[in-house]
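Biologist: I am new to this one and would love a guided tour. Shall we go through it question by question?

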Amino acid sequence: MDAVRVENLVKEYGPIKALRGISFRIAPQILFAFLGPNGAGKTTTIRILSGLTRPTAGRAFFFDVDVFGEPVKAKRLAGLVPQTINLDLELTLYENLLIHGLLFGLSQREIRRRAEELLTFADLLPRKNHKVRTLSGGMRRRLLIIRALLHQPKILFLDEPTVGLDPHIRRRLWGLIKRIQQRGTTIFLTTHYIEEAEFLADRVAFIDRGQIVIEDTPKALIARLGEFAVDVVKEEGLETKYFRNREEAEKFALELSGQSQTITIRRVNLEDAFVYFTGRKV
Ligand code: ATP
């Protein structure tokens, strides 16, 4: 049984078509990334699946639970890490977790136990009784993530979890996200950082203008183009050609080397696949 099954999701805001019929499935314990430019419909999808907005049309299931038919049951199965940090800065880390736990109907004893475990897991235990205001940006993100895990959801929705963070802190968060997956949680991640999806995701869907353009493993998406790319800087701009192997790429580059052009040979990456399949840059 799939952890998440989405069928033909449509969302219209008046004349704006935010989602134009999106369908996908996520097997249990998979990390699935939704990759797309600003305004593509990533947040709208997460808001619908976490019960914050009703779709115009479509169906969704978490395991065998109908997300729109049994919203309370569905909410218990899902944890949401929103894009904006909506923690209470004047409360302590523990108090923020306590409020969230009470909202989910957990007992104080259970919340204490889970909070200790999760604060330890995210290296935040020494800060337990400090105000959130005193935390760095990376620490606030980690708290936001473990808060979503307090009620032990089976599916975690992460909306741009590393936006605006420096590369060191982003990598640390990637480690945390991977460890959450390894503990058995299915993860739905949205990002517009391609390297984030390439590093973290088992499967990637490219979304553009409210539609899924293509979905596959990062490796398979890259392999559809080839293994090596040759970038040629021309007067008209950058042109990239893809080749099955290094030999073919080198042969092509050698043929051009007589002309005064800047030529680079490199491995194909997921950004190439995105540009190729969506016809534009993230
Ligand atoms: P970002 O990377 O900027 O978060 P996104 O892929 O998450 O982008 P969405 O926020 O889902 O994109 O937006 C999809 C489209 O729906 C955009 O055109 C956006 O302007 C529109 N939209 C989103 N929320 C609303 C709303 N409440 N009212 C009207 N239009 C909306």
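Biologist: What does Lys241 count as, judged by its relative accessibility?

Modeller: This is a predicted model, where local features need pLDDT (the predictor's confidence in each residue, from 0 to 100) of at least 70, side-chain atom pairs count only at pLDDT 80 or more, and totals for chains, interfaces and linings use all residues. Residues are numbered from 1 along each chain as its sequence is written, and side-chain values use heavy atoms, with hydrogens and water left out. Buried means under 20% relative accessible area, exposed over 50% and partly exposed in between, with a 1.4 Å probe and protein chains only. Lys241 has 36%, so the residue counts as partly exposed.

Biologist: Which residue meets the side chain of Lys241 in a salt bridge?

Modeller: A salt bridge here is a side-chain nitrogen of Lys or Arg within 4 Å of a carboxyl oxygen of Asp or Glu. The partner of Lys241 is partly exposed, at 32% relative accessibility. With 3.7 Å from N to O, that partner is Glu239.

Biologist: How many salt bridges does that rule give?

Modeller: One of them joins Glu116 and Lys128, whose closest N and O atoms are 2.6 Å apart. By this rule the count comes to 25.

Biologist: How far apart in sequence are the parts that Glu116 and Lys128 tie together?

Modeller: Glu116 is partly exposed at 33% relative accessibility, whereas Lys128 is buried at 17%. Helices (H or I, at least four residues) and strands (E, at least two) are DSSP runs, numbered from the N terminus. Glu116 forms a salt bridge with Lys128. Glu116 is in helix H4 (108-121) and Lys128 in the loop between H4 and helix H5 (137-149), so the parts tied together are apart by 12 residues.

Biologist: How many residues separate Arg183 and Glu117?

Modeller: Glu117 is partly exposed, with a relative accessible area of 30%. Glu117 also belongs to a salt-bridge network with Glu110, Arg113, Arg114 and Arg183. In the Arg183 to Glu117 bridge, the closest N and O atoms are 3.9 Å apart. This pair links distant parts of the chain, the loop between helix H6 (167-182) and strand E8 (186-191) on one side and helix H4 on the other, and the separation is 66 residues.

Biologist: Which elements give two or more residues to the lining of the largest pocket?

Modeller: On a 1 Å grid over the protein atoms alone, a pocket is an open set of points where a 1.4 Å probe fits, with protein on both sides within 12 Å along at least five of seven lines, and lining residues have an atom within 4 Å of a point. The largest pocket is lined by 22 residues, with Ser50, Gly51, Leu52, Lys75 and Leu80 nearest its centre. The elements asked for are helix H1 (42-49), helix H2 (71-77) and strand E6 (78-81).

Biologist: Where does Glu160, which has a positive phi, lie?

Modeller: Most residues other than glycine have a negative phi. Glu160 has a phi of about 50 degrees although it is not a glycine. Glu160 is buried, with a relative accessible area of 4%. Its place is the loop between E7 and H6.

Biologist: In which strand is confidence lowest?

Modeller: The protein averages a pLDDT of 94, and 99% of the residues score at least 70. Confidence is highest in strand E4 (residues 57-62), at 98, while the lowest mean, 90, belongs to strand E12.
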